[in-house]
Amino acid sequence: MIRRERLAASLEGDFVVFLIGMRINKPLLVHKWAPVAAAMPRMLKELYSRPELGFLHGELWFSRTTLVLQYWRSMEQLLAYAKDRQAQHLPAWQAFNKSVGTNGSVGIWHETYAASAGSYENIYANMPPFGLGKAGTLRPASGGLHTAAGRLRGTPREP
């Protein structure tokens, strides 16, 4: 549902923004990139089914360069998931290293950012709940939340 208003999102406490993806460098080598692409939705399904792991929300875009935007409760929980032998990630990572390694057919990447109050801001206008707005809480971007500086302060003031 599109929210026809200006909204800002917040999330109580510290959290982690994790960007991960792949790039198809050799499109004709489907047998190299298809398993990597298929692993991403499987991991998201697993993470949504196990909230105790600390995963809060994810958004997936698929193109030549794939991007998964994720929100996690803590860095420790994200790193624990990455090393968990019973979870989807570690076997997928091992399969990638065995099948692709550094042969150049499929690129992979990730970036990780720790966020805390006062270190992030956002705005959503004419959007359905999205990104941090789905991981956290949306509220009207009015009063003290009308500007980026106000949202960085995170304290709503009446107009």
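Which residue in strand 7 does Leu7 stand opposite? The partner is Pro140. The model is a predicted one, in which local features need pLDDT of at least 70, side-chain atom pairs count only at pLDDT 80 or more, and totals for chains, interfaces and linings use all residues. Residues are numbered from 1 along each chain as its sequence is written, and side-chain values use heavy atoms, with hydrogens and water left out.

Strand 1 is a handy place to start. Helices and strands here are DSSP runs numbered from the N terminus (H or I and at least four residues for a helix, E and at least two for a strand). Strand 1 pairs with strand 7, residues 137-140, in the antiparallel sense over four bridges. With strand 6, residues 124-127, strand 1 also pairs in the antiparallel sense, over three bridges; there, Arg3 has Met127 as its bridge partner. Two strands count as paired if DSSP finds at least two bridges between them.

Next come the helices. The axes of helix 1 and helix 3 come within 10 Å and cross at roughly 170°; axes are lines fitted to C-alpha atoms, for helices over the stretch in contact, with angles running from 0 to 180 degrees between N-to-C directions. The two helices are therefore roughly antiparallel to each other, a label for angles over 145 degrees (under 35 is roughly parallel, 65 to 115 roughly perpendicular, and the rest oblique). Lys32, Val36, Ala39 and Met43 of helix 1 meet His89, Ala92, Phe96 and Ser99 of helix 3, contact meaning heavy atoms within 4.5 Å. By class, that contact has five nonpolar residues, two polar and one charged. Ala, Val, Leu, Ile, Met, Phe, Trp, Tyr, Cys and Pro count as nonpolar, Asp, Glu, Lys and Arg as charged, and the others, Gly among them, as polar.

As for pockets, the largest holds about 620 Å³ of space. Its lining takes in 30 residues, and Ile20, Met43, His89, Trp93 and Ile108 are the closest to its centre. A pocket is an open set of points on a 1 Å grid over the protein atoms alone, where a 1.4 Å probe fits, with protein on both sides within 12 Å along at least five of seven lines; lining residues have an atom within 4 Å of a point. Grid points are joined across faces, edges and corners, and the volume is the space filled by probe spheres set on them. Helix 1 gives the most to this lining, nine residues. The lining of the largest pocket divides into 22 nonpolar, six polar and two charged residues.
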